[in-house]
Amino acid sequence: MESKNKNSRRDFLKIGGSAAIGLPAMQLIGCNNQVTALEKKELSQNDSIRKFPDNFIWGTATAAYQVEGAVNEDGRGVSIWDTYSKIPGKIKNNDTGDVACDMYHRYKEDVQLMKSIHAGAYRFSVSWPRVFSNATGTPNPKGLDFYNRLIDELLANGITPYATLYHWDLPQILQDKYGGWQSKETSKAFAEYAAYVTEKISDRVKHYFTLNEFYSFTDLSYGLGQLAPGLKLPQKAVAQVRHNAVLAHGMGLQAMRQVTKSTLEIGVAENIVTAVPIIETQENIEAAKKATRELNAGLLTVMMEGKYTDNYLNSLGPDAPDFTEEELKLIAEPLDFVGINVYLANKYVLAANNETGYELISHAKNHPTMASPWHLVSPECLYWAPRLVKELWNPKEIYITENGCGATDELSDEGQIMDTDRVMFIKNYLTQLHRATNEGIPVKGYFHWSLMDNFEWIFGYGIRFGLFYMDYKTLERTPKLSPEYFKTIARDNILV
Ligand code: PNW
């Protein structure tokens, strides 16, 4: 699984582009020789204490619309993000994903970036409208070919592919025909598409995430109008959108398992709403557990338990979604692992003497944030999210499918990006993740969001989440300081 970086200095310079290589790049190169040195030497006591579990997976993540570009190539259909990003005023600076990082053409270079930082895995998403220009029916083989090329390149470089089948780029035709996720027709169409892709790539791809971040593409997209398609529907419709989304997950799972004989591992990648005990006493921990279960009732909880909680249905009343028992069974098909995107403690919690047993505490006015306005700094979420998932639902394995932070990342005159904020962020968050693995919580891997700066949805190209800096004019990729840090950890599997 571990990829051994054998790049020479010259190779690396090619990867990073010659002009902008500064100190971080030099250090990246200098590290290579130490791999064998460290493998040979016995771990010091201090190293052993800070070790992650054997075979822990260190990866990076991206999503199709955010990095690929090439939106009109090789028969790709239109997605709701193509449409939405072209509506003036919806995206900062009216940026679009038309070109993005041009990964569609530069994937070979990007695989070398991954290799250069010892990433052993890559989480990418498949663009539905690339594979089916019209969402269903006749597939577009040229679209799938891109993923075949990417997968082959990853495997040839010792990097394990993890495929996400839906990261928000719904075919526009489904929005037009059925109102998108408002209809179970979209859930059915997803299952057909998911099974097709799986059948074609399962000889080489063994790990899948059905859909990414349900809350984002349901509530934020159909209720709060913040993400494509930008609708503000009434509560009943939004509850139905949520249900249709988890139904797509269940139908997809079943269809994917039916079409392939080989053993696959399939899970979700959900941005779990994490309730964190602000003071870690036993009663506050119990309160956080209850709160996390309820705060995820319409999404992760129903996928794990096969029923909506009483509180969820009671609070919706007549606005509860239409569903059947049979659907609930499908939605809760057992998963091989649970993937969670963890960025922040969404809520702090204290135990309370009320019906629910908990009180949600708002963040203080001066609570620090990273560059994204929503991104409250709260490293302890990377301990509590997996711990509470384990205690609530006891899955076999847990992956951190996304974690990272946005920043402005300005280039210095010397062409360097010393993203000390990101290094600080990763260090503090990973310290909490290490606390979790140390206690035996079965976290199998960590995917950093993101490999490189990319189209950050409504924030356009203004907020940068990458380990590698993207010059959007030249499309040159330059390592920041953070990939040096990532590499040190991924190479040795030890927290530094
Ligand atoms: C995720 N929040 O979105 C997405 O999966 C990525 O595509 C995205 O680029 C990345 O995180 C960074 O934003 C999120 O409000 C959107 O808590 C919103 C939140 C969290 C994650």
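Two strands count as paired if DSSP finds at least two bridges between them. I am working from a predicted model.

**Hairpin.** I looked up strands β8 (residues 347-351) and β9 (residues 358-361) and found them paired in the antiparallel sense over four bridges. Within this pair, Y348 has I361 of β9 as its bridge partner. I noted that β8 and β9 make a hairpin with six residues between them. In the turn, G357 shows a positive phi of about 90 degrees.

**Barrel.** I then traced the strands that close into a barrel. There are eight, in the order β1-β2-β3-β4-β5-β7-β10-β11, and the pairing is parallel. From one strand to the next the twist averages 25 degrees. I checked one pair by residue: β5 (residues 265-270) and β7 (residues 337-341) run parallel and are joined by four bridges. E270 stands opposite I340 in β7. Helix α21 (residues 482-492) packs on the sheet, where it touches β1 (57-61) and β11 (443-449). I recorded about 145 degrees between the direction of α21 and that of β1.

**Ligand.** Which residues are closest to the ligand? I found 14 residues around the ligand, with Q66, H167, E402, E456 and W457 the closest. I also listed three side chains by their distance to an oxygen atom of the ligand. For H167, a polar side-chain atom lies 2.9 Å from such an atom. For N212, the distance from an N or O atom of the side chain is 3.1 Å. For W449, a polar side-chain atom is 3.2 Å away from a ligand oxygen. On its own the ligand has 460 Å² of accessible area, and the protein covers 88% of that.

Key. Residues are numbered from 1 along each chain as its sequence is written. This is a predicted model: local features need pLDDT of at least 70, side-chain atom pairs count only at pLDDT 80 or more; totals for chains, interfaces and linings use all residues. Side-chain values use heavy atoms; hydrogens and water are left out. Helices (H or I, at least four residues) and strands (E, at least two) are DSSP runs, numbered from the N terminus. Axes are lines fitted to C-alpha atoms, for helices over the stretch in contact, and angles run from 0 to 180 degrees between N-to-C directions. Contact means heavy atoms within 4.5 Å. A residue is near a molecule or strand if one of its heavy atoms lies within 4 Å of it. A polar contact is a pair of N or O atoms within 3.5 Å; within protein, one must be able to donate a hydrogen and the other to accept it, and residues adjacent in sequence count only if both atoms are side-chain atoms. Accessible areas come from the Shrake-Rupley method with a 1.4 Å probe; for residues, only the protein chains shown count as cover.
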